[in-house]
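Got the viewer open? Let's take a short walk through this model, one selection at a time.

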Amino acid sequence: MITPTYEWQFAPQVEDADFTKIAKKAGLGPEVARLLFERGIQDEESLKKFLEPSLEDLHDPYLLHDMDKAVARIRQAIEEGENILIYGDYDADGMTSASIVKESLEQLGAECRVYLPNRFTDGYGPNASVYKYFIEQEGISLIVTVDNGVAGHEAIELAQSMGVDVIVTDHHSMPETLPDAYAIVHPEHPDASYPFKYLAGCGVAFKLACAF
């Protein structure tokens with residue numbers, strides 16, 4: 001049997017002599033300089049902004065669709081002592097997202113719980129049975145999804161029919177038909193004006209935290 005051989009294929013060197021000098025001055029090697037150049041960082045100002053980020057450079061979280069509705073509803077829940085369920089996901093992004101939102105809401109005095117679904121028994125995304133359990137047995141009156149939700153039609157419809165609002169925060173591909181949630185916070189929402197469409201789930205959760 002012949003064992004195949006593989007060779008790394010590198011992109012051409014950066015031909016922009018000025019940027020090469022700028023990158024070298026910043027202490028970057030040629031490979032990193034090439035990578036940044038190919039990703040659109042091609043002058044001293046953009047390189048400085050990338051290497052020395054500032055919180056002031058962050059986009060306004062309220063540019064995200066329904067962020068104002070989501071924040072107002074969560075604030076209402078906190079003020080009225082409602083029980084909030086943060087429904088996450090079983091991967092690293094989902095767990096991180098849930099942690100960000102839980103800590104943020106607790107700092108505001110919220111009563112909230114976190115549920116991370118089991119991929120084998122609950123499946124991916126909102127689960128109608130889990131929603132029903134928390135609503136009926138735990139007195140949950142507001143559900144906030146993190147890193148999931150845009151495809152959870154059945155579970156969200158059930159919750160809404162039981163008088164429980166669902167706020168969706170997600171970043172996965174948008175289906176043609178969105179669920180009838182109270183609010184949908186998503187960087188790719190067709191009615192959003194958020195300038196960066198590629199936030200991870202924890203990025204959307206962070207923007208929710210910033211909005212508070």
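**First stop: a ring out of sight**

Start by selecting F134: with a relative accessibility of 5%, F134 counts as buried (buried is under 20% relative accessible area, exposed is over 50%, and partly exposed is in between, using a 1.4 Å probe and protein chains only). Before moving on, know that this is a predicted model, where local features need pLDDT of at least 70, side-chain atom pairs count only at pLDDT 80 or more, and totals for chains, interfaces and linings use all residues. Residues are numbered from 1 along each chain as its sequence is written, and side-chain values use heavy atoms, with hydrogens and water left out.

**Tyrosine company**

Now add Y115, which is partly exposed at 22% relative accessible area. Y115 and F134 make an edge-to-face aromatic pair, with 5.4 Å from centre to centre and 65° between the planes. Rings of Phe, Tyr and Trp (its six-membered ring) pair if their centres lie within 6.5 Å; planes under 30 degrees apart are stacked, over 60 edge-to-face, and the rest tilted. Y115 sits in strand β2 (residues 111-115) and F134 in helix α6 (residues 128-137), so this pair links distant parts of the chain, 19 residues apart. Helices (H or I, at least four residues) and strands (E, at least two) are DSSP runs, numbered from the N terminus. Widen the selection to Y87, Y131 and Y133 as well: together with Y115 and F134 they form one aromatic cluster.

**Over to the asparagine**

Keep Y87 in view and select N148, in the loop between β3 (140-146) and α7 (153-161). Is N148 buried or exposed? N148 is buried, with a relative accessible area of 0%. Its side chain reaches the backbone oxygen of Y87 at 3.2 Å. Leaving aside neighbours within four places in sequence, the contacts of N148 (heavy atoms within 4.5 Å) include G88, D89, Y124 and T169.

**Another ring pair**

Next, pick F19 and F37. Their ring centres are 5.4 Å apart and their planes at 50°, so this pair is tilted. F19 belongs to helix α1 (residues 17-25) and F37 to helix α2 (residues 30-38), so the pair ties together parts 18 residues apart in sequence. F19 is buried, at 0% relative accessible area.

**Last stop: a lysine over a ring**

Finish with K69, which lies over the face of Y182, 4.9 Å from the ring centre (the rule asks for NZ of Lys or CZ of Arg within 6 Å of the ring centre and within 35 degrees of the ring normal).

Note on methods
A polar contact is a pair of N or O atoms within 3.5 Å; within protein, one must be able to donate a hydrogen and the other to accept it, and residues adjacent in sequence count only if both atoms are side-chain atoms.
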